[in-house]
Amino acid sequence: MSGDAALERLKREGRIVVVGASLAGLRAAETLREKGFAGSLTMIGDEPHEPYDRPPLSKQVLLGMATADRTALPRRLDIDAKWRLGVPAAGLDMKARRVRLADGDEVEYDRLLIATGVRARPWPKPEEGALDGVFVLRTRDDGAALERALAAGPGRVLVIGAGFTGSEIASACRERGLAVTVAERADAPLVGALGGVVGAVAAEMHRENGVDLRTGIMVTALEGDSSGRVRSAHLSDGTTLEAEVVVVSLGAQRNTEWLTGSGLGAGPRGIACDAGCRAFDIWGIVTDDIYVAGDVARSPHALFGYQFLSLEHWGNAVAQAETAAHNMLSESAERRPHVWVPAFWSSQFGVNIKSVGVPSMGTEIVITQGSRAERRFVGVYGYQGRVIGAVTFDQCRWLDFYEQQIEQTAPFPPPYSTVDRRPEGNRPLDADFPDPSVPTHGPTITLSGYSPADRRMKFTPAHN
């Protein structure tokens, strides 16, 4: 057998391990099988459940319209995999090509796909976060537990953080008729993702729907009673708020700690990879046998100045997983880049919010269709004279058009004078994004250059 034939056989057979029984992990496994991979396939997941859909957890599940155990992802085909569920990965030996599991077992691979995603950022004081009645929302079990707490009819719910997830939770509480307070350290909801101009509209939506929205404020402590149940929260303005349920919605942390010391280019911002999803080691050298996909990936994007983007998007996870799977089975000339245009959607207070591009890169915004006062509008973001992103409130019919403008690096502000009436005029406004050094809750896109300062780990070879 020739060398080329042997390599082709290894690619089509061999051993592939997917760490992360997630949306990205499942779609990658399905794509591998669809493209003819006939070898051994192992799926490793830290949760006891097979892959499920997360967006319904903060929407239909919290409203009691669906149960958390009915959110399993549909299967395109039988992936014929060995499942290792409920046991997280605990380490990686790149030289020996082995994934170490938390139970001490090891799984060997020829190619590895990492799709470990993110987890909810916990309350920073563990003893307070452990109080009965304090929740985060990320997993299926989180959704089921929080829904039970809301169904019990608490006197007041406190949501800490007004990003997308926190805002959706507040919306669900109001739809259930529950009193809810939202505490956000920024000046308005959603400012980290969409800026202050749009954040002001989101703030009005909260208040008009009966949310006790408190901005520019922090929760400094949670207090429980003698039975260990949360009863109140202390705020930075000196006030105390009684609450029977507290939901901590402080954004996400990428699941990369298990890779510490492995030599892979992984850290708090994600796992660095090239546009073809191949992971970098800590020296910036691309690997040929380790790939990354989904929320944990951090890759350069040609449309956005080759900035390294970490995207917490459903569609990105699917598209990147399919690209990674394709490239895992392909020769270099047949590999393709992952150039999906970021897109996101949210439903809150009866309004559908959708975005494309990277609004948080924008320095200016112009309202091109509709009006903010009517809660039906399109906001287009500009950066250095080009369209960089767009957001719609109940105006999603325009989204495809602006996606094309982003792909074409169209000029900003848009020159169109007849697309729609412009009651707010043509003048761009400062998009009013907060200082990046000030944390805001619930971003969907993290921007980061790939500089030597990002490498803060010491390379310790596994074998001498």
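This passage walks through a small sheet and a set of aromatic contacts in a predicted model.

To start with the sheet, three strands line up in the order 4-5-6 and pair antiparallel, leaving the sheet open. Strand 4 (89-93) and strand 6 (106-108) sit at the edges with a single partner strand each, so one side of each has no neighbour in the sheet. Going from one strand to the next, the twist averages 25°. Strand 5, covering residues 98-101, is joined to strand 6 by 3 bridges, and the two run antiparallel. One residue pairing here puts Arg98 opposite Glu108, its bridge partner in strand 6.

Next come the aromatic rings, which make 5 aromatic pairs. Among them are Phe164 and Phe344: their ring centres are 4.4 Å apart and their planes meet at 50°, so this pair counts as tilted. Phe164 belongs to helix 5 (residues 164-175) and Phe344 to strand 24 (residues 343-348), so the contact ties together parts that lie 180 residues apart in sequence. Phe164 is buried, at 5% relative accessibility, and Phe344 is buried too, with a relative accessible area of 19%; the cut-off for buried is under 20%.

Trp398 and Phe401 pair up edge-to-face, with 6.5 Å from centre to centre and 80° between the planes. Trp398 is buried at 16% relative accessibility, whereas Phe401, at 24% relative accessible area, is partly exposed. Together with Tyr402, Trp398 and Phe401 make up one aromatic cluster.

A charged residue also meets a ring: Lys59 lies over the face of Trp345, at 4.5 Å from the ring centre.

Note on methods:
Residues numbered from 1 in each chain as written. Predicted model: local features only at pLDDT ≥ 70, side-chain atom pairs only at ≥ 80, totals over all residues. Heavy atoms only, no water. Pairing = 2+ DSSP bridges. Helix = DSSP H or I, 4+ residues; strand = E, 2+ residues; numbered from the N terminus. Axes fitted to C-alpha atoms, helices over the stretch in contact; angles between N-to-C directions. Phe/Tyr/Trp six-rings, centres within 6.5 Å; stacked < 30°, edge-to-face > 60°. Buried < 20%, exposed > 50% of the residue type's maximum accessible area, 1.4 Å probe, protein only. Lys NZ or Arg CZ within 6 Å of the ring centre and 35° of its normal.
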